[in-house]
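Student: I would like a close look at one part of this molecule. Start from a single residue, then take me to the part that deserves the most attention and set it in context.

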Amino acid sequence: MPHILGDKVYLREYLLSDVETLYQWRTLDEIVWWTGSYVWPESLEQARAFVEAQVNNVDPANRKFAICRREDDKYLGHIGYEYLDLRRQNTEVGIVIGDVTSLSKGLGEESLRLFLKVCFEELNLHRVGLRVIRPNKRGYRCYSKCGFKEEGALRDWHYSRGQWHDLILMGILRDEYMADAKA
Ligand SMILES: CC(C)(COP(=O)(O)OP(=O)(O)OC[C@H]1O[C@@H](n2cnc3c(N)ncnc32)[C@H](O)[C@@H]1OP(=O)(O)O)[C@@H](O)C(=O)NCCC(=O)NCCS
């Protein structure tokens, strides 16, 4: 697949050489906590298995792509399908900027806009959803900037750091994306 180019970042397929960097960010509490996903720390072998699965396209409906900085090709994190359902023309998106020095610099917004362009303009999807834990104000703000709307919440979905957290459901529909793209 050719790279998907933005101004500051581009999206590319995973490479086996990404394993060490992926392992580093997937073991950082300051990154992983916000995703609300992991309970146990990840091993290097698990990180390698994840990258190998991406390289070999083992599960196309859950494929992730590397987010890289254009100026130096640094691999920063990833974005991709949480579940691509071509019959229903929808998917969920998962995104992580794992490089801590690259947070809150607009790179998440740019990556997400590139991904939405593929979803709506190439795959002709009707809906893209995502989930974010309520404390993740930075993620919520980033997704709102890209046109996602809050649709509801699963109450007390995630227990971490001594308390329960809601999981907010967000989504953007094709018409909303197209109206935003034209504006
Ligand atoms: C969520 C994530 C992908 C967003 O990407 P990003 O590049 O950091 O986000 P952006 O810079 O595009 O936008 C972040 C916005 O939130 C704002 N923000 C940052 N911290 C904030 C906070 N504590 N409260 C409210 N807003 C905050 C920023 O100012 C920015 O808004 P602005 O452009 O209006 O100034 C990235 O932060 C990330 O991967 N974080 C760690 C893991 C994670 O949360 N993954 C997502 C799980 S759903």
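**From one residue to a helix**

Tutor: Tyrosine 23 is partly exposed, with 19 other C-beta atoms within 10 Å. The cut-offs are these: 20 or more other C-beta atoms within 10 Å of a residue's own make it buried, 12 or fewer make it exposed, and anything in between is partly exposed, with C-beta atoms placed from the backbone. This is a predicted model, where local features need pLDDT of at least 70 and side-chain atom pairs count only at pLDDT 80 or more, while totals for chains, interfaces and linings use all residues. Residues are numbered from 1 along each chain as its sequence is written.

Tyrosine 23 sits in helix H1 (residues 19-26). Helices (H or I, at least four residues) and strands (E, at least two) are DSSP runs, numbered from the N terminus. Leaving aside neighbours within four places in sequence, tyrosine 23 is in contact with Leu44 and Ala47. Contact here means C-beta atoms, placed from the backbone, within 7 Å. The C-alpha atoms of tyrosine 23 and glutamate 42 are separated by 7.6 Å, with their positions 19 residues apart along the chain.

Now the frame around it. The protein has six helices and eight strands. Their order from the N terminus is β-β-α-α-α-β-β-β-α-β-α-β-β-α. The C-alpha trace spans about 40 × 40 × 35 Å along its principal axes. With 183 residues, a compact globule would have a radius of gyration near 16 Å, and the protein agrees, at 16 Å. That radius is taken over C-alpha atoms, and the globule rule is 2.2 Å times the number of residues to the power 0.38. Buried residues make up 31% of the 183. Among contacts between residues at least 6 apart in sequence, 55% join residues at least 24 apart.

The part to study is H5 (137-145). Gly139, Cys142 and Tyr143 are its buried residues. They cover an arc of only 95° around the axis, which puts them on the same side of H5. The arc is that of the directions from the helix axis to the C-beta atoms. An α-helix has 3.6 residues a turn, so residues three or four places apart point the same way. Among the elements covering the buried residues of H5 are H2, H4, strand E6 (127-133) and strand E8 (163-173). The face turned away from the buried side carries exposed Lys137 and Arg141. Just after H5, glycine 147 takes a positive phi of about 100°.

What does H5 give to the shell around the ligand? It gives the most, with five residues. Helix H2 (29-35), strand E5 (90-97), helix H4 (107-122) and H5 each supply at least two residues of that shell. Of the 21 residues around the ligand, Trp34, Gly108, Glu109, Lys137 and Arg141 come nearest. A residue is near a molecule or strand if its C-beta atom, placed from the backbone, lies within 6 Å of it. So Lys137 and Arg141 appear twice: on the exposed face of H5, and among the residues nearest the ligand. The shell divides into nine nonpolar, seven polar and five charged residues. Ala, Val, Leu, Ile, Met, Phe, Trp, Tyr, Cys and Pro count as nonpolar, Asp, Glu, Lys and Arg as charged, and the others, Gly among them, as polar.

H4 also leads into the core. The largest nonpolar core has 42 residues, of which Ile67, Ile79 and Leu116 touch the most other members. H4 gives the most to this core, with seven residues. Such a core is a set of buried Ala, Val, Leu, Ile, Met, Phe, Trp, Tyr and Cys residues joined through C-beta atoms within 7 Å. Beyond four places in sequence, isoleucine 79 touches residues including Leu11, Ile67, Val93, Ser111, Leu112 and Phe115.

Leucine 107 lies in H4 too. It counts as buried, with 21 C-beta neighbours inside 10 Å. Setting aside residues up to four places away, leucine 107 touches Lys8, Val9, Leu76, Ile97 and Ser102. Leucine 107 and aspartate 7 are 100 residues apart in sequence but 9.5 Å apart in space, C-alpha to C-alpha.

Past H4, look at the loop to E6: asparagine 124 is found there. Asparagine 124 has a positive phi of about 60° although it is not a glycine. It is exposed, with 10 other C-beta atoms within 10 Å.

Conventions. Contact = placed C-beta atoms within 7 Å.
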